[in-house]
Amino acid sequence: MPKQLHVNLFEMNCVSHIVHGLWVHPDNNRHRFNDLDYWTELAQLLEYGTFDGVFLADVIGTYDRFRDGPETSLREGMQIPSNDPLLVIPAMAGVTKNLGFGATFSTTYEPPFAFARRMSTLDHLTKGRVGWNIVTSYLPNAARNFGHDTEVVHDHRYEIADEYLDVLYKLWEGSWDDDAVIVDRERRIYTDPDKVRYINHVGEHFKVAGPHLCQPSRQRTPVLFQATGSPAGIEFAGRHAEVVFTGGNDAPAVRANIQAMRQKAVEHDRDPAGLKFIVMAGVIVGRTDEEVSAKLDSYRRLVSVEASLAHGQSAIDLTAYSRDTLISDLVSRRVKGWESLSRYKADSTVGAVLAQLGGFNRERFFVAGTPTVVADAIEKWLDEDGIDGINLRQYLSFETARDFIELVVPELRRRGRFRERYNEGETLRERLFGAGRARLPSDHFGARYRDPAALLKPALPLRFPA
């Protein structure tokens with residue numbers, strides 16, 4: 001059987017998420033992000049297209065390094081204003097039966113006990129269709145919003161996250177027995193007290209007594225997503241992640257990233273097949289080449305390079321320099337912000353870099369073409385790169401999703417690469433890993449707390465690379 005594609009729509013509860021400037025396009029609906037109808041209409045469209053789910057990004061600060069302030073981000077609607085991603089999930093779940101939801105939440109600045117209840121509540125309300133994208137937050141402004149003078153050091157954020165997950169597993173997997181809720185009306189016992197317990201976690205960063213406030217949900221632990229590439233992140237993924245949001249400049253690089261994380265899973269006594277890998281992909285599709293070209297042209301005319309520089313936290317304003325200036329010249333002159341130029345080739349010109357930022361084909365996982373061309377590319381991503389799915393980057397809402405559903409999905413189905421229908425009643429984890437696998441697998445680190453005795457044992461902190 002050919003590998004089938006998993007697809008999430010990549011979203012964020014804001015005006016401009018990834019492709020900046022296109023909110024001004026007359027066919028875009030991004031200005032409606034504050035309206036509940038926007039999210040319910042989107043959910044119904046994605047369910048019609050049998051998408052795996054909607055993947056909701058988030059940040060808890062603003063991008064304010066470019067030009068020494070947030071002004072560019074504010075003017076461009078670049079991830080500000082933005083709303084809480086978790087709060088739109090119940091509305092979308094209420095108008096769908098199968099669509100999954102992945103929500104981003106940071107482990108660095110908010111305590112685990114309250115978050116455990118929010119995710120269990122969502123797992124109940126969605127009947128097991130929810131996942132969590134684990135992030136540690138990287139914006140300096142985010143740190144200042146929670147009382148820190150500067151960012152928490154990168155690897156230390158992962159140390160905090162590791163203990164955060166330990167607390168959550170104890171609450172989700174260990175605090176309640178599967179049969180704790182008995183609903184015995186005659187004896188007036190809703191929950192058997194002997195089957196619920198404190199977790200009494202005492203660690204370096206958290207002290208949590210428990211018990212968990214929610215009864216067991218279908219998945220207990222939501223599907224665990226993580227985006228990573230750093231050594232500490234890969235180590236963390238080896239212990240915790242089920243779906244890794246990754247990438248690479250070419251097929252060998254992508255395969256190497258995947259292999260590295262599978263090897264880390266083995267080192268943590270996990271089945272390496274217990275990890276799935278998704279990438280962000282741009283797909284622009286039309287019925288004819290002329291239609292594709294017209295879409296590309298309309299998008300390119302509106303794209304904002306300044307917003308892209310702000311999103312990249314660029315410390316240098318490249319728009320202030322002549323387009324024929326070499327990057328190497330700016331570095332040698334040590335102009336203000338030159339340190340952030342390391343991501344660009346030294347022999348590139350400022351004009352070439354700005355053109356790259358304003359283009360749509362600068363990454364491996366991009367394709368623009370007719371349905372046959374798009375499907376050919378997706379098959380290569382699946383077979384040559386070894387990925388399992390994509391987070392579909394949006395250009396226009398709802399045009400990007402509608403085009404994919406109407407033009408790409410039928411072609412993928414003809415090739416056996418996309419589901420014909422949902423399996424009714426499955427959880428998000430079952431959709432990804434197979435029927436009967438609603439819970440964390442037994443070889444996952446979090447599963448150890450199904451044994452109440454494990455709650456009494458000392459924590460096992462993750463060792464990160466020096």
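Start by selecting D162, which lies in helix α6, residues 154–174. The model on screen is a predicted one. D162 has a relative accessible area of 7% and is therefore buried, the cut-off being under 20%. Show its surroundings and leave aside the neighbours within four places in sequence: the contacts of D162 are then F236, R239, H240, L460, P461, L462 and F464.

**Strands β3 and β4**

Select β4, residues 130–135, where five of the six residues are buried. Add β3, residues 100–106; the two strands run parallel and are joined by six bridges. To find one end of the pairing in the viewer, pick S106, whose bridge partner in β4 is V135.

Now step back to K127, in the loop between α4 (112–125) and β4. Its phi is near 60 degrees, a positive value in a residue other than glycine. Is K127 buried or exposed? K127 counts as exposed because its relative accessible area is 58%, over the 50% cut-off.

A second residue of this kind is V183, with phi near 50 degrees, again positive in a residue other than glycine. V183 lies in a strand, β5, residues 181–184. With a relative accessible area of 37%, V183 is partly exposed.

**Two cis peptide bonds**

Select G210 and P211. The peptide bond between G210 and P211 is cis, with omega about 0 degrees. P211 sits in the loop that runs between β8 (207–208) and β9 (223–227).

Then select S397 and F398, which are also joined by a cis peptide bond; here omega is about 10 degrees. F398 belongs to the loop between β13 and α14.

**Helix α13**

Select residues 371–385. This is helix α13, with 15 residues, and it reaches 20 Å from its first C-alpha to its last, close to the 21 Å expected at 1.5 Å a residue. Which residues of α13 are buried? They are P371, V374, A375, A377, I378, E379, W381, L382 and D385. When reading that list along the helix, keep in mind that residues three or four places apart point the same way, because an α-helix has 3.6 residues a turn.

To see what covers these buried residues, show α8 (251–267), β11 (276–285), β12 (366–369), β13 (389–392) and α14 (399–414), which are included in the cover. Just after α13, select G386, which takes a positive phi of about 85 degrees.

**F360 and its contacts**

Move to F360, in the loop between α12 (350–357) and β12. F360 counts as buried because its relative accessibility is 7%. Beyond the neighbours within four places in sequence, F360 is in contact with V19, L296, Y299, R300, V303, F366 and Y395. For a distance check, draw a line from F360 to E399: they are 39 residues apart in sequence and 17 Å apart in space, C-alpha to C-alpha.

**The cavities**

The count of cavities of 30 Å³ or more comes to five. Where is the centre of the largest cavity to be found? Of the 16 residues that line it, V15, H17, V19, R30 and Q394 are the closest to its centre. The volume of the largest cavity is about 150 Å³. Its lining has eight nonpolar, five polar and three charged residues.

For the second largest cavity, select V283, I284, V285, K295, Y299, Y395, E399, T400, D403 and F404, which line it. Y299 and Y395, in this lining, are also among the contacts of F360. The volume here is about 50 Å³. At least two lining residues come from each of β11, α9 (289–302) and α14, and α14 gives the most, with four. By class, the lining of the second largest cavity divides into six nonpolar, one polar and three charged residues.

**The second largest pocket**

Last, go to the second largest pocket, which holds about 370 Å³ of space. Select Q4, H6, R419, N423 and R431, the closest to its centre of the 17 residues that line it. Which element supplies the largest share of this lining? Helix α15, residues 428–433, does so with four residues. Colour the lining by class to find four nonpolar, four polar and nine charged residues.

Conventions
Residues are numbered from 1 along each chain as its sequence is written. This is a predicted model: local features need pLDDT of at least 70, side-chain atom pairs count only at pLDDT 80 or more; totals for chains, interfaces and linings use all residues. Side-chain values use heavy atoms; hydrogens and water are left out. The expected span of a helix is 1.5 Å times one less than its number of residues. Buried means under 20% relative accessible area, exposed over 50%, partly exposed in between (1.4 Å probe, protein chains only). Contact means heavy atoms within 4.5 Å. On a 1 Å grid over the protein atoms alone, a cavity is a set of points where a 1.4 Å probe fits but cannot get out, and a pocket is an open set with protein on both sides within 12 Å along at least five of seven lines; lining residues have an atom within 4 Å of a point. Grid points are joined across faces, edges and corners, and a volume is the space filled by probe spheres set on the points. Ala, Val, Leu, Ile, Met, Phe, Trp, Tyr, Cys and Pro count as nonpolar, Asp, Glu, Lys and Arg as charged, and the others, Gly among them, as polar. Two strands pair if DSSP finds at least two bridges between them.
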